[in-house]
Amino acid sequence: MGNLYALDFDGVICDSCGESSISALKAAKVRWPSLFNGVDLALEEWILDQMHTVRPVVETGYENLLLVRLLLETRVPSIRKSSVAEGLTVDGILENWSKLKPIIMEEWGENREFLVDLFGKVRDEWIETDLSTWIGANRLYPGVSDALKFASSKIYIVTTKQSRFAAALLRELAGVTIPPERIYGLGTGPKVETLKKLQNQPEHQGLTLHTSNADSHASSSFTQRIRDLPFTFPGTNIKTHVSQLIGRTPIVFLKKVSEGCGAYIAVKQEMTQPTASIKDRPALAMLEDAEKKGLISPGKTVLIEPTSGNMGISMAFMAAMKGYKMVLTMPSYTSLERRVTMRAFGAELILTDPDKGMGGTVNKAYQLLDSTPDAFMLQQFSNPANTQVHFETTGPEIWEDTQGKVDIFVMGIGSGGTISGVGQYLKSQNPNVKFSRANFKPLLKLDKWTEIGPHLITGNGVGFKPDILDMDVMDEVLEIKSDDAVKMARQLALKEGLMVGISSGANTVAALELAKRPENKGKLIVTIHPSFGERYLSSALFQDLRKEAEQMQPVSVD
């Protein structure tokens with residue numbers, strides 16, 4: 001007695017959503033070229049990403065073609081011809097695809113045979129002209145390679161692809177060779193009937209048949225194990241999603257700029273985040289918190305947020321990654337690099353009067369919120385998730401890396417999330433100098449909320465008191481000048497090799513001021529460098545170097 005596995009290559013072995021989705025997108029452009037006028041690369045990538053999610057409901061290739069158009073109509077109202085597209089979510093497609101399919105076919109006036117033929121021609125042309133790229137667009141479910149290599153039972157492969165393409169995929173992606181007589185390449189055809197016929201073959205009598213297909217999902221532990229595994233490459237530490245890169249940033253001592261100070265200064269380098277700023281932490285936290293509460297959904301909700309730059313970049317990054325439309329308001333005094341970066345992530349950007357500061361930016365965002373359908377504001381200045389993520393990640397990371405020896409923490413205030421969350425966590429760990437030699441002192445640089453006009457420390461001194469700011473963690477107030485912050489940021493690059501922004505310079509100036517006090521001799525002072533300096537190349541930080549670079553002339557070369 002033994003087992004016989006007749007595996008659906010397209011559904012169990014191979015996650016062919018990549019190839020099928022790209023083929024469908026290519027075919028959709030051929031079938032409905034006018035619908036794709038003005039469709040940019042970001043929207044196309046969003047469609048492909050959503051196609052991977054809805055893959056479980058797709059039975060045949062031509063349905064991918066329908067899904068491309070339906071997803072496009074959910075995002076572009078001006079081309080909408082289906083009565084079901086408005087307000088439709090990916091979850092809605094997953095739950096109701098069998099009902100949606102005949103509706104959209106009728107409303108679009110489409111013919112199944114025509115779409116099947118078109119999809120096949122586009123895919124075949126791709127396969128024939130560039131097989132290696134087509135193979136690269138496919139991928140196997142994790143565990144397939146090992147399972148096929150070490151399975152002792154006889155395995156048959158059933159696929160709608162031609163057998164030679166299935167064989168090529170298995171060879172190139174899994175490193176295994178299945179005998180040609182065990183691969184049933186149907187092109188298009190009744191998989192279920194083919195699978196069942198295998199059981200009746202004389203050589204299979206007495207074997208237990210395990211099949212997996214659209215009507216009878218994985219019944220064996222082997223196929224189920226393949227389906228249940230996350231999309232990772234076995235035996236590696238590769239992250240499965242870019243959001244997993246957020247957090248666990250390093251902390252480093254300053255040496256040269258702190259010469260002559262009696263205290264130690266260590267700086268947490270948030271420039272190593274995916275978008276090179278600390279704002280990746282709250283952007284992800286606020287977005288996922290809103291999703292869990294059912295307040296927003298990709299493809300439907302329009303996110304609107306006021307920002308001085310870095311939060312906007314992180315929000316645009318998250319929106320692109322998850323499939324949201326993002327509208328940002330920002331004071332016009334912020335750097336050109338920030339504007340370009342936000343636009344690169346696909347966000348719409350609206351600049352506001354610099355004399356009105358962040359207050360004017362916030363007011364404009366609320367105006368847009370009131371006038372935009374399906375709009376939602378995550379409200380970084382009042383969202384508890386902004387503080388909570390620093391309580392759960394940034395604070396513990398500082399505590400662990402300093403092994404509980406941090407004496408003083410100092411940084412400026414933007415939204416108030418970082419200093420509040422870090423302050424609450426560190427004080428919860430050391431309220432009475434139990435783990436260090438002095439009281440923990442998070443410090444605030446500015447306390448005159450409404451008297452702050454335009455200044456160079458972007459992201460700090462927003463001109464109003466953020467709702468989430470916890471004043472109870474503040475022990476002292478320092479005031480840092482813009483010029484000093486700029487000079488220090490430049491010195492950090494020249495002396496410490498740390499290419500940082502202006503707020504990083506301000507935080508370092510504050511830390512140095514504390515380090516020079518006699519009562520702080522021998523203590524460990526921690527601050528944060530919130531962002532990377534390259535984002536400030538067009539700002540006052542590098543104004544003279546920019547002019548110098550612009551005036552450079554080429555030299556002759558023999």
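Gln 379 counts as partly exposed, because its relative accessibility is 29%, and in this predicted model its place is in the loop between β12 (375-376) and α16 (384-401). The backbone of Gln 379 has a phi near 55°, which is a positive value in a residue other than glycine. A second residue with this feature is Ala 276, whose phi is near 70°, again positive and again in a residue other than glycine. Ala 276 lies in the loop between β8 (264-269) and α12 (280-292), and with a relative accessibility of 13% it counts as buried, because the cut-off for that class is under 20%.

The chain that holds these loops has 558 residues, of which 52% count as buried, and its secondary structure comes to 20 helices and 16 strands. Among contacts with a separation of 6 or more, 74% are made by residues 24 or more positions apart. The chain exposes about 25,900 Å², and carbon and sulfur atoms supply 50% of that area.

Two residues give examples of contacts between distant parts of the sequence. Thr 387 lies in helix α16 and counts as buried, because its relative accessibility is 8%. Its C-alpha is 4.7 Å from that of Gly 421, although the two residues are 34 apart in sequence. Leaving aside residues up to four places away in sequence, Thr 387 touches Gly 417, Ser 420, Gly 421, Gln 424 and Ile 468. Tyr 264, in turn, has its place in strand β8, and its C-alpha is separated by 8.4 Å from that of Val 526, which is 262 residues away along the chain. With residues up to four places away in sequence not counted, Tyr 264 touches Phe 253, Gly 522, Lys 523, Leu 524 and Ile 525.

Two helices with many buried residues are set out below.

| Helix | Residues | Length | Span, first to last C-alpha | Expected span |
|---|---|---|---|---|
| α13 | 310-322 | 13 residues | 18 Å | 18 Å |
| α19 | 502-515 | 14 residues | 20 Å | 20 Å |

Helix α13 reaches a span close to the one expected at 1.5 Å a residue, and for α19 the span is likewise close to the expected one. Of the 13 residues of α13, 12 are buried, so this helix is largely enclosed by the rest of the structure. The buried residues of α13 are Asn 310, Met 311, Gly 312, Ile 313, Ser 314, Met 315, Ala 316, Phe 317, Met 318, Ala 319, Met 321 and Lys 322. They pack against α3 (41-54), α12, β9 (302-306), β10 (325-331), α14 (336-344) and α16; two of these partners have appeared above, since α12 follows the loop of Ala 276 and α16 carries Thr 387. After α13 comes Gly 323, which has a positive phi, near 95°. Helix α19 is also mostly covered, with 13 of its 14 residues buried.

Helix α4 (residues 61-75) takes part in two helix-helix contacts. With helix α5 (residues 90-108), α4 packs at an angle of about 90°, and the axes are 11 Å apart. This angle makes α4 roughly perpendicular to α5, because values of 65 to 115 degrees fall in that class. On the α4 side the contact involves Tyr 62, Glu 63, Leu 66, Leu 67, Arg 69, Leu 70, Leu 71 and Glu 73, and these meet Ile 93, Trp 97, Lys 101, Ile 104, Met 105 and Trp 108 in α5. By class, the contact of α4 with α5 has 10 nonpolar and 4 charged residues, and no polar ones.

With helix α6 (residues 112-129), the axis of α4 comes within 8 Å, and the two cross at roughly 100°. Here too the angle makes the helices roughly perpendicular, α4 to α6. The contact is formed by Gly 61, Tyr 62, Asn 64, Leu 65 and Leu 66 of α4, together with Arg 112, Leu 115, Val 116, Leu 118 and Phe 119 of α6. The residues of this contact of α4 with α6 divide into 7 nonpolar, 2 polar and 1 charged. Tyr 62 and Leu 66 of α4 take part in the contact with α5 and also in the contact with α6.

Definitions and conventions:
Residues numbered from 1 in each chain as written. Predicted model: local features only at pLDDT ≥ 70, side-chain atom pairs only at ≥ 80, totals over all residues. Heavy atoms only, no water. Helix = DSSP H or I, 4+ residues; strand = E, 2+ residues; numbered from the N terminus. Expected span 1.5 Å × (residues − 1). Buried < 20%, exposed > 50% of the residue type's maximum accessible area, 1.4 Å probe, protein only. Contact = heavy atoms within 4.5 Å. Areas by Shrake-Rupley, 256 points an atom, 1.4 Å probe, with all protein chains shown as cover. Axes fitted to C-alpha atoms, helices over the stretch in contact; angles between N-to-C directions. Parallel < 35°, antiparallel > 145°, perpendicular 65-115°, else oblique. Nonpolar A, V, L, I, M, F, W, Y, C, P; charged D, E, K, R; others polar.
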